[in-house]
Amino acid sequence: MDIPQAQRLQRIPPYPFREINALKNKMIDEGVEPIDFGIGDPDMPTPDFVIEALAEAAKDPSTHPYDETGFGLPEYKEAIARFAQRRFGVQVSPEGEIQSCIGSKEALVHIIWAYVDPSDVVLVPDPAYSVYKVQTTWCGGAAFPMPLRPENGFLPDLGAIPRSVARAAKLLFLNYPNNPTGAVAPLDYLAEAVEFCRRHEIILVNDCAYSEVAYDGLQPPSVLQVPGAKDVAIEMHSLSKTFNMTGWRVGWAMGGKPFVEALSRCKSNVDSGTFMAIQKAAIVALDRYEEWVPVMQGEYQARRDAFVAGLNSLGWKLEPPKATFYVWVPVPPGYNSARFATDLLEHCQVLAIPGAVYGEYGEGFVRFSLTIKGPDRQAQIAQAISAMRDNLKLTW
Ligand SMILES: Cc1ncc(COP(=O)(O)O)c(C=O)c1O
């Protein structure tokens, strides 16, 4: 049967990582196992204490039905409120300011569906995680790109957004710590963004999926630390990267009540919440955050330092990223991002993602994720660097 897909589905591209995975699997079928700096999916296991909490909770039949609360278990929302207080020094009320989510991707999708009508404008960083733009398009909205340029510390220049666009915009997305650039937004910048959104009556959606993956003692801020931010902002959080729980699908949204309410109304008509045993395990994870997070950070920091030092020994002049497990690397002279990623794969068996996948302003970069699969990550980093030294003709 050749039944055409809905036009709205035809308007959107395939999810980019599906194609990259296909390419990698093809190489593996041909007997070559690339060193995989591709998808940002933690390679280490979920901490034991979280797995044990899940096993315990799953034995309790009261966790097996639908979570009929809609917003998430009260005790999960209380654990989130405690975490927000300890980590960011902000108060969020479990009553109406927090929504349990099936990871943060789901929340990002549904906040767009909750607010964007056909022809509405959404301000979207470029380069960026694809969901903001694709879902805007899917809703019939228009994504207006905000370039992330190295000279601006990969922060959108809000002053460069034309007034007519700002006036028409309904949502503004920020994502710090940032995928793919690894940049962090200082609190001053978040305050500027809150003020911009207040002035133009725009909802600020801050994607905080990487808030805990940070180095050298840095604690990236929450937009809710800005006084009055709840008037304009909602922030998406996730246990995925913090606790190596990408497959578990658990996170939350927190912020201004009307935005949380709209998200909740949208979600309740689409999904039926996160398995309650997972929410219970998430409580244990958040409550033991202080003991776990330094372990996770230390591991990525060692990889980051080795990888950046290796690239710099080949002629790059990179500053190590302050956060995320991504290293956003300008391509050497004479390359574009696709050409460089292809040469890396074909000549060095190193898989990295061409920056152009993340948007027009990602051209000129490739993204390496430090979430390398396999037994000895440091050895693989060393092998990748030496393959690049031996097989690429780098001229600076
Ligand atoms: C910037 C960003 N936001 C959100 C997500 C979604 O993560 P999750 O749905 O697992 O919380 C990702 C995943 O890679 C991401 O890179």
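Four short exercises with worked solutions follow, set on a predicted model.

**Exercise 1. Cysteines**

Task: Find how many disulfides the structure holds, and explain the result for C101 and C208.

Solution:
- Step 1. Set the cut-off: a disulfide needs two cysteine sulfur atoms within 2.5 Å.
- Step 2. Take C101. The closest cysteine sulfur belongs to C266, 11 Å away, so a bond is ruled out by distance.
- Step 3. Take C208. Its closest cysteine sulfur is that of C101, at 13 Å, which is too far for a bond.
- Step 4. Read the total: the structure holds 0 disulfides.
- Step 5. Add the surroundings. Buried means under 20% relative accessible area. C101 has 0% relative accessibility, so C101 is buried. C208 has 1%, so C208 is buried as well.

**Exercise 2. A sheet and its helix**

Task: Work out the strand order of the open sheet of 3 strands, then place the helix that packs on the sheet.

Solution:
- Step 1. Write the order: 9-12-11, with antiparallel pairing.
- Step 2. Identify the edges. Strand 9 (326–330) and strand 11 (353–354) each pair on one side only.
- Step 3. Count bridges. Strand 9 and strand 12 (residues 365–369) are joined antiparallel by 5 bridges.
- Step 4. Check one pair: Y326 has S369 of strand 12 as its bridge partner.
- Step 5. Add the helix. Helix 12 (residues 337–348) packs on the sheet and touches strand 11 and strand 12. The directions of helix 12 and strand 12 make about 45°.

**Exercise 3. The ligand site**

Task: List the closest residues around the ligand, then pick out side chains with a polar atom 2.7 Å from a ligand oxygen.

Solution:
- Step 1. Count the surroundings: 15 residues.
- Step 2. Name the closest: D207, Y210, S238, S240 and R249.
- Step 3. Go through the side chains. An N or O atom in the Y210 side chain is 2.7 Å from a ligand oxygen. The K241 side chain also places an N or O atom 2.7 Å from an oxygen of the ligand. R249 has a polar side-chain atom 2.7 Å from a ligand oxygen.

**Exercise 4. Helix 6**

Task: Which residues of helix 6 (residues 131–138) are buried, and what covers them?

Solution:
- Step 1. List the buried residues: V131, Y132, V134, Q135 and T136.
- Step 2. Recall the geometry. An α-helix has 3.6 residues a turn, so residues three or four places apart point the same way.
- Step 3. Name the cover. It includes helix 5 (103–115), strand 3 (121–126), strand 4 (142–147), strand 5 (169–175) and strand 6 (203–207).
- Step 4. Look past the end. G140 follows helix 6 and has a positive phi, near 85°.

Note on methods
Residues are numbered from 1 along each chain as its sequence is written. This is a predicted model: local features need pLDDT of at least 70, side-chain atom pairs count only at pLDDT 80 or more; totals for chains, interfaces and linings use all residues. Side-chain values use heavy atoms; hydrogens and water are left out. Buried means under 20% relative accessible area, exposed over 50%, partly exposed in between (1.4 Å probe, protein chains only). Two strands pair if DSSP finds at least two bridges between them. Helices (H or I, at least four residues) and strands (E, at least two) are DSSP runs, numbered from the N terminus. Contact means heavy atoms within 4.5 Å. Axes are lines fitted to C-alpha atoms, for helices over the stretch in contact, and angles run from 0 to 180 degrees between N-to-C directions. A residue is near a molecule or strand if one of its heavy atoms lies within 4 Å of it. A polar contact is a pair of N or O atoms within 3.5 Å; within protein, one must be able to donate a hydrogen and the other to accept it, and residues adjacent in sequence count only if both atoms are side-chain atoms.
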